[in-house]
Amino acid sequence: MKKISHFFSQSNRKRILSQSFLFGFVATVGLISNGFSSSSKAYGQTPPVNNTEIKSYAQAVLAMEPARQNAFEEIKKLIGSGEIPKIVCNDSNSINGLPRKAQDIAVNYCTRSQKIVEDNGLSIDRFNKITIELQNNTNLKKEVYNTLLILQQTPEMR
């Protein structure tokens, strides 16, 4: 019984929530991406992500999450029992395939998310590059995850 109560302790719940949140966020990041894949510039390797960018990224993710969940739930209600298609902000086909009201929800979410990213000191291009780097860089993923945990435990740091 000790292991079960430890598993459900408040710090572990936060850690589990943050971990599932981070992976869920990365999996659904297409909903907030705007402009990365439409860029025709050829880039070399992404420059390293510094601590300030990690904190800004984590703050933006936390600020976007309630709106992301809300948009997802609203679209889910409109679509019904069907599977919700992947929505990519800079892919008009992914948005145009939705019912009209769901399109409005997705566009509104994309616009709000872009503002949140910029309000947290990152360009959309840099935010998207960090998101892509997260998918391939275990150390960066751990750093962002730990920053998310700290920010959730100490709201004044946001």
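## Helix packing exercises

The axes of α6 and helix α7 (residues 138-153) come within 6 Å of each other and cross at roughly 115 degrees. This is a predicted model, where local features need pLDDT of at least 70 and side-chain atom pairs count only at pLDDT 80 or more, while totals for chains, interfaces and linings use all residues. Residues are numbered from 1 along each chain as its sequence is written, and side-chain values use heavy atoms, with hydrogens and water left out.

**Exercise 1.** Work out how α6 sits relative to α7, and who makes the contact.

*Solution.* Start with the axes: these are lines fitted to C-alpha atoms, for helices over the stretch in contact, with angles from 0 to 180 degrees between N-to-C directions. The two axes cross at roughly 115 degrees. That makes α6 roughly perpendicular to α7 (under 35 degrees is roughly parallel, over 145 roughly antiparallel, 65 to 115 roughly perpendicular, the rest oblique). Now the residues: Ile130, Glu133, Leu134 and Asn136 of α6 meet Thr138, Leu140, Lys141 and Val144 of α7, contact being heavy atoms within 4.5 Å.

**Exercise 2.** Do the same for α3 and α6.

*Solution.* Here the axes come within 11 Å and cross at roughly 95 degrees. So α3 and α6 are roughly perpendicular to each other too. On the α3 side, the contact uses Glu53, Tyr57, Ala60, Val61 and Met64; on the α6 side, Arg126, Phe127, Ile130, Thr131 and Leu134.

**Exercise 3.** Check the span of helix α5 (residues 100-119), then find its buried side.

*Solution.* First, the length. The expected span is 1.5 Å times one less than the number of residues, so the 20 residues of α5 should span 28 Å; the end C-alpha atoms are 29 Å apart, which agrees. Next, list the buried residues (under 20% relative accessible area; exposed is over 50%, partly exposed in between, with a 1.4 Å probe and protein chains only): Ala102, Gln103, Ile105, Ala106, Tyr109, Cys110, Ser113, Ile116 and Val117. They cover an arc of only 160 degrees around the axis (taken from the directions from the helix axis to the C-beta atoms), which puts them on the same side of α5. Then flip the helix over: the face turned away carries the exposed Arg100, Lys101 and Asp119. Finally, ask what the buried residues pack against: α3 (51-79), α4 (92-96) and α6 (124-136).

**Exercise 4.** Take stock of the protein chain's secondary structure.

*Solution.* Count DSSP runs from the N terminus, with helices as H or I of at least four residues and strands as E of at least two. The tally is seven helices and zero strands.
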